[in-house]
Amino acid sequence: MAIAEKPPAKKTLTKKQRALEIFDRLTGLYPDALCSLDYETVVQLLVATILSAQCTDERVNKVTPALFARFPDAKALAEADRDELESLVRSTGFYRNKAKNIQGACQMIMEKFDGEVPRTMEELLLLPGVARKTANVVLANGFGTNMGVTVDTHVKRLTYRFGLTNHTDPVRVERDLMKLLPQPEWENWSIRTIYHGRNICDARKPLCGECTLVDLCDRRDVDKPKGKSKRKSTTGKTQSKSTAKSRKSPRTAPVTSTAKKNTAKSTKKSAITKSTSSKSSKKSPKKSPVKQ
Ligand code: SF4
C-alpha cells in the first residue's frame, strides 16, 4: 500500500484526541487483550515480570510452571538454593542477575513486608530488580491500580512512531502518555499496544500497509534506512539489507483479519477471560482474582 498523504482526519485532531482514537481502535482490534504472563499469585506475577526483561513472555511462560512448582511463594523463593534457581530460569537470559533479583526481592518481601508484595509504587521500587515498568505491571495486573503506564520495548517504539512522544527514554514516554490518556486505561493502553507491536508494528518491518492506525500514525522513523549492513546482490553489487528485504512480495491482507487472527492466537490461553468486547468499552479486562 502506498502511503503518500496524511489523511485529513489526523490534521484536525489534537495529540490527545489522536491518542484516544488510537486507543479506541486498538480496543476494537484487541478487545480481550490481557497481560500475557501466566501466574496465580501476585508474587508469581512479580517474578514472571522480572524474568520478562530482555525475554519474550512466551519464553517466560515456558519456564515458570517448573519454577513455581518447585518454589511457589515468596518464602520458598527467598530460601531457594541459588544454583537451582539459576538453572530453572537460565533460558530467559541474564539468569544469574534475574535469580539474584528474584531472591533478593522475595527476601525483602519476607523481612520488610510481612510476606506480602507491597501495594505502592514507592515500596515496590525498593525491591531488587524492580523499576517502574515491573512495578506498573504488578500494580495494574496484581492489584488493579494504575499508578503509571507500563512502558516496555513495544510501548516505547509504537508511542514514538505514533508521534505521541518525542522521547525514547521509558520514563519520559510514560510521563507523556500519562498526560494523554485517562488513568483507568493506562494499563489497557500498554497491553493493547504490545499486542499491536507483536502483530503488526514490528521493530524492523512494520506492516503499515495492513495497519488500521495508518491515518493516525506519524510513522516516525519508519521509512529511514535500517542499519548500514550491505549484502551482495546477484549482480555482484552491494545493496542495503532493507532494500533487499523490501523487494519481497508485498503483503496485502486486510489488517482486521490479520490482527484478529493473531489476537486469537495470543489470547487462546485459558487464563484469559472475555471481559470486554465492544469498541472503546472502557472496561478493564482482568484475570481471575490474584492471590497474595
Ligand atoms: S505499522 Fe506503521 S502505521 Fe501502523 S502503528 Fe506501526 S508505524 Fe504506525
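Just after helix α7, D114 takes a positive phi of about 55°, and this is a convenient point from which to read the model, which is a predicted one. Helix α7 itself covers residues 95-112. Because a helix is expected to rise 1.5 Å a residue, the 18 residues of α7 should span 26 Å, and the 25 Å that separates its end C-alpha atoms agrees with that expectation.

The buried residues of α7 are K98, A99, N101, I102, Q103, A105, C106 and I109. Their cover includes α3 (42-51), together with α5 (74-78) and α6 (82-89).

Helix α10, at residues 153-162, is mostly covered, with seven of its ten residues buried. Those residues are V155, K156, R157, L158, T159, R161 and F162, and they pack against α2 (15-29), α11 (170-180) and α12 (186-199). As with α7, a positive phi follows the helix: G163, which comes after α10, has a phi near 85°.

The two helices and the residues that follow them can be set side by side.

| Helix | Residue after the helix | Phi |
|---|---|---|
| α7 | D114 | about 55° |
| α10 | G163 | near 85° |

Helix α3, already named in the cover of α7, also meets helix α9 (residues 132-143), where the two axes come within 10 Å and cross at roughly 150°. This crossing is right-handed. On the α3 side the contact is made by V42, L45, L46, T49 and I50, while α9 contributes T134, V137, V138, N141 and G142. By class, the residues of this contact divide into six nonpolar and four polar, with no charged residue among them.

Which residues come nearest to the ligand? Of the 13 residues around the ligand, they are C201, P206, C208, C211 and C217. The shell as a whole holds eleven nonpolar and two charged residues but no polar ones, whereas the contact of α3 with α9 has polar residues and no charged ones.

Taken over the whole protein, there are 14 helices and two strands, and 38% of the 292 residues count as buried. Among contacts between residues at least 6 apart in sequence, 63% join residues at least 24 apart.

How values were computed
Residues numbered from 1 in each chain as written. Predicted model: local features only at pLDDT ≥ 70, side-chain atom pairs only at ≥ 80, totals over all residues. Helix = DSSP H or I, 4+ residues; strand = E, 2+ residues; numbered from the N terminus. Expected span 1.5 Å × (residues − 1). Buried ≥ 20, exposed ≤ 12 C-beta atoms within 10 Å, placed from the backbone. Contact = placed C-beta atoms within 7 Å. Near = placed C-beta within 6 Å. Nonpolar A, V, L, I, M, F, W, Y, C, P; charged D, E, K, R; others polar. Axes fitted to C-alpha atoms, helices over the stretch in contact; angles between N-to-C directions. Left-handed = near helix turned anticlockwise from the far one by under 90°.
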